[in-house]
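Hello,

Here is the structure I promised to pass along. Please have a look at it first, and then read my notes underneath.

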Amino acid sequence: QDGDRVVVAFSGGKDSVTLLYSLDLLRRILPVKFELTAAVYIKTGWPVDLQVLEDFCRSINVPFYVVETEIAKIVFEERGGGNPCAICSHLRRGALHGKVLELCCNKVALGHHLDDVIETFFMSLIYTGQLRVFSPVTFLDRTGLTMVRPLVYHPSEEIYSFVEKENLPTVPNTCPANG
């Protein structure tokens, strides 16, 4: 919407790189005037070279922020690694929302795509017996932020093709639980 200040949750993977690049293109051509305030990378504690992401953000004139955390230590050492993805996701979300609020923004853009929606549907069905998925737009009462997922109707293969076609830079996910 006009006047929105948007932060992209920027992991450096294909989804978030596509999202940031696409939002940059859209802000240039849409009649809706929104600010692409920042790309925020949550550093969980695994070693990763972020220079390619910083260079990419500079090339499209989007500020790049890295939020240092000890999530890897908390998840794998202090909590013993049981159910690491759920707790990591919760901690990363908290770190992200803290930075978004610090930057005085009102929207957080996430790179979830159609495959993520389908996966969430089946996880919810299998583990809770409920037919549920996340919404493309979610208002968060506690923070006053709105989460948007602009890629939610695109399958992952479209995103991967787009990254290759546009020669967009990515960094690998170095978490040992990845995959």
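Let me start with a contact between side chains: Glu 35 and Arg 5 form a salt bridge, with 2.9 Å from N to O. This pair ties together distant parts of the chain, as Glu 35 sits in strand E2 (residues 35-43) and Arg 5 in strand E1 (residues 5-9), 30 residues apart. The count of salt bridges comes to 8. Please keep in mind that this is a predicted model.

Next, the surface. A patch of negative charge is found there, made up of Asp 115, Glu 119, Glu 157 and Glu 158. Helix H5 (114-128) and helix H6 (156-166) are the elements that each give two or more residues to this patch. Glu 119, for one, belongs to helix H5.

Finally, a pocket you may like to explore on screen. The second largest pocket has a volume of about 230 Å³. Its lining includes Gln 1, Asp 4, Leu 23, Leu 26, Phe 34, Lys 107, Ala 109 and Pro 150. Two elements, helix H1 (14-29) and strand E4 (107-109), give two or more residues to that lining.

Happy to talk it over whenever suits you.

Best wishes

Notes:
Residues are numbered from 1 along each chain as its sequence is written. This is a predicted model: local features need pLDDT of at least 70, side-chain atom pairs count only at pLDDT 80 or more; totals for chains, interfaces and linings use all residues. Side-chain values use heavy atoms; hydrogens and water are left out. Patches are made of residues with over 30% relative accessible area and no salt bridge: like charges are joined within 9 Å, nonpolar side chains (Val, Leu, Ile, Met, Phe, Trp, Tyr) within 5 Å. Accessible areas come from the Shrake-Rupley method with a 1.4 Å probe; for residues, only the protein chains shown count as cover. A salt bridge is a side-chain nitrogen of Lys or Arg within 4 Å of a carboxyl oxygen of Asp or Glu. Lys and Arg count as positive and Asp and Glu as negative; His and the chain ends are not counted. The place of a charge is taken as NZ of Lys, CZ of Arg, CG of Asp or CD of Glu. Helices (H or I, at least four residues) and strands (E, at least two) are DSSP runs, numbered from the N terminus. On a 1 Å grid over the protein atoms alone, a cavity is a set of points where a 1.4 Å probe fits but cannot get out, and a pocket is an open set with protein on both sides within 12 Å along at least five of seven lines; lining residues have an atom within 4 Å of a point. Grid points are joined across faces, edges and corners, and a volume is the space filled by probe spheres set on the points.
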